[in-house]
Each structure stands twice: as C-alpha cells, then as structure tokens.
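Visitor: I should like to learn how cysteine pairs are read in a protein model. May we look at one together?

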Amino acid sequence: MATRNSASLTRQVSQAFQEIFGGTPCFIARAPGRVNLIGEHTDYNDGFVLPMAIDRAVYIAFCARQDGHVRLHSLDLKRSAKFDLDALSLPEKEAGGNAWEAYVEGVAWALQEAGYKLRGWQGVVSGNVPIGAGLSSSAALELAAARAFATVSELAWEPATMARLAQRAENEWVGVACGIMDQMISASGQEGHALLIDCRSLQTEAVPLPGGTSVVVLDTGTRRGLVESAYNERRAQCEAAARFFGVPALRDVDVDAFEARAGEMDELTRRRARHVITENARTLQAVQAMHRDDARAVGQLMDGSHASLRDDFEVSSEALNTMVAIAGEQEGCLGARMTGAGFGGCAVALVEARVAETFARNVARTYQEAVNLEPAVYVSRAAAGAEVAPAPSIRDS
Ligand code: GLA
C-alpha cells in the first residue's frame, strides 16, 4: 500500500483546495484512525477499552462559506458532494445513504439536533487510514468533519461531546450500530499513549505504552461483508445476557458473579457473556501492567483476548487466526490479537522495539506464503486526537 505522510497529505489537500475552490485554504483539520490494544466488543456493554490513535488520519483543507451550504471533494474517491444545512432531516434521507458524504452530513445533522447553530464550509478531504480495514476510517472522517464545523461555527471543542455526536451520526444517519470507542479515541487520543476509556462515564485515562515496545498493525488483506449482521447479533446476545443477570449492561457483572450463575445460562449466551466479562477484567489488568511497565504481562493479556474472541465470542476468522499465530512465533513478539469488530481486517501485536521492523517484514513474508494474500504490516506510533490548525501557505509547505 502506498503511504503518504502527514506533510504530503496536508500539501495535497491544500493544493487541491486551491484548484477546486480557488484561493488558499484557511484551516486543516486532522482526525486519526485507531487500533485497539485490548477491550474488544466491550464498548456497547458499557465496559472498558484501551485503544490508541494511530499515525494515519483523515485530513480536510477548508474555509467557511457565507451561505449554509457544505461543498466537499474527496481526493481519494475522486468524487464531489454538496448539501444544504437547512435541508437535513432524517425522514427525507435517501435509503442506503452511506456514501462517504453521509458521514459529514450525519455529523452536521447530529450537531444541529444538539442545538448547535452551524455555518457552511467547503473543503477537500483525503487520508491514509485504509478504508474498511477496521482502523476506523469512518470515525476519523466524522471527527475531522466535526472539527471543521466547530471551527467555522465557533463552537467550543469538547472531545467527549463531539465523539457522542459523531457516534449518533453513524448510528442514526449512516445507520451503523457502532459503540463509542472509535469516535472517542479519534477525538481524544494522546501522543505516545493508549487511552483507557470507561464507555459508561466516558472518563479517560492516558496510559503510557510499555518502554522499549512497538505496536505493529497487521492487516490481513481480508474484508468481510457479514460484519454488520454478526455485530448486531452479538449486541443482542450481550443484551440478553445482561437481562439474565438483571443489570443494565454486562459491565455490571464481575467474573465471580458470572461464575456463580454461569451454569444456569444456555451455552451460547454463557460464552458470549464470558468473553465480555473477562475482557473487561483483562483490559483493567492491562492498564495496571502498563503502569508497572510490564510489557510481558500486557502481551499475555492480548493473547488471552484473542483466544476469547476466537472461541467464546466467535468473531475472528481464519486469516486473523493465521496472522496472530504467525506473529506469536516471531522473536520479540510479546502478544498479538485481532482488533476491531473482527471477521477480517487487522490484528495488532505488541513487539520489542529493537526487532519491530524485522518482525514486520518476517510476519508479512510468512503470512503471504501461508495464505497467498498480500498483507500490510507496519509499526504504528500513538498519535494525538482530532485537531485543527491554520493551513500553511502552499509556498511554505
Ligand atoms: C467496531 C465498533 C466499535 C467496537 C468494535 C469492537 O469497531 O465500531 O464501537 O464495538 O467494533 O470492539
């Protein structure tokens, strides 16, 4: 995969802005994708997640408009779109409207629903978060758009509020039933840190990555269409399990309470619940291990998470299992697991930094030999969350 870095993306969106709209852009918004280190399928159970924002992001070069219109151009999709801020209401939305601009429209709709008065803008969008790989390119687009709206409309930027509204945009406007993790980490990421998010209170704690380690993203090159229906089915199973325990969400059941009554549950619900309940515990243990700088313990918890997602929650895939197994065999690998919703997309590994590049090369080669698919394997840095800055003049950049 051709990668473009931050400086070249900023330059490209700025130049395209000039060509399409005339004049230099006023601002650049940037919002990152994410990789989740541990805490999978826990967010919609009001539980704990530990993602980090990655050094791949969506960029928008933009300026305010005097009318209430938004005009957009996507450099990656080579498509333009426009919409009127006064004409956004859910019932009139076309069915199946999850084209890329729907994420921007949805953010405008959710902001207006929350009572914000918006101004229009025009902008050029591009990015290097691979689309559909499970690294949250949609949340990145939503948060970059939220930054653009907040800037031109002079709204205070409160990351958790913006994340909630972006999630609402995705749930209700785009029609995808995601939890809050992706939007929260894209809004609130901290350089060099993972972020513990309590998905009930939205309180966050920045947790330093263990010293001498690197986070490696392992994209299997597989994409699965079934993710959405399976995701909704898992959510329903988790809700049924919470009802069994008589609590609002599985977050409220600890491992002891689960074990005391596990025998009374049907087998499938028991396994689904066991994943979520033990995963919440693993996530909090991983935070403790990071504070002790115990990279080995973090890695073991990641391995445990993968086994639980594979066997109890059943959201892994053959490609993901192969990738994780290959990663685990390499020198310097501390732990590896699938990451994101599952069924395809990416795994993540925690690796000793001194061997990270060799690790990435060896895993890519071995995986390609094993499954005959080209993976993308790269070391990732923990980046900051969504931000906006005055656009550099094109001559300077
Ligand atoms: C997707 C969703 C998130 C989360 C993960 C699984 O990425 O968007 O909200 O539920 O799956 O942890």
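The dialogue that follows concerns the cysteines of this structure.

Guide: This is a predicted model, in which local features need pLDDT of at least 70, side-chain atom pairs count only at pLDDT 80 or more, and totals for chains, interfaces and linings use all residues. Residues are numbered from 1 along each chain as its sequence is written, and side-chain values use heavy atoms, with hydrogens and water left out.

Visitor: What is a disulfide?

Guide: A disulfide is a covalent bond between the sulfur atoms of two cysteines. Here the term is applied to a pair of cysteine sulfur atoms within 2.5 Å. By this rule the model has 1 disulfide.

Visitor: Which cysteines form the disulfide?

Guide: C26 and C63 do, with sulfur atoms 2.1 Å apart. Their link is right-handed, with 100 degrees about the S-S bond. C26 lies in the loop between α1 (6-21) and β1 (27-36), while C63 belongs to strand β3 (residues 51-64), so the pair ties together parts 37 residues apart in sequence. Helices (H or I, at least four residues) and strands (E, at least two) are DSSP runs, numbered from the N terminus.

Visitor: Is C63 buried or exposed?

Guide: C63 is buried, at 10% relative accessible area. Buried means under 20% relative accessible area, exposed over 50%, and partly exposed in between (1.4 Å probe, protein chains only). C26, at 36% relative accessibility, is partly exposed.

Visitor: Why does C333 form no bond with C346?

Guide: The sulfur of C346 is the closest cysteine sulfur to that of C333, but at 15 Å it is too far for a bond. C333 is buried, with a relative accessible area of 16%.
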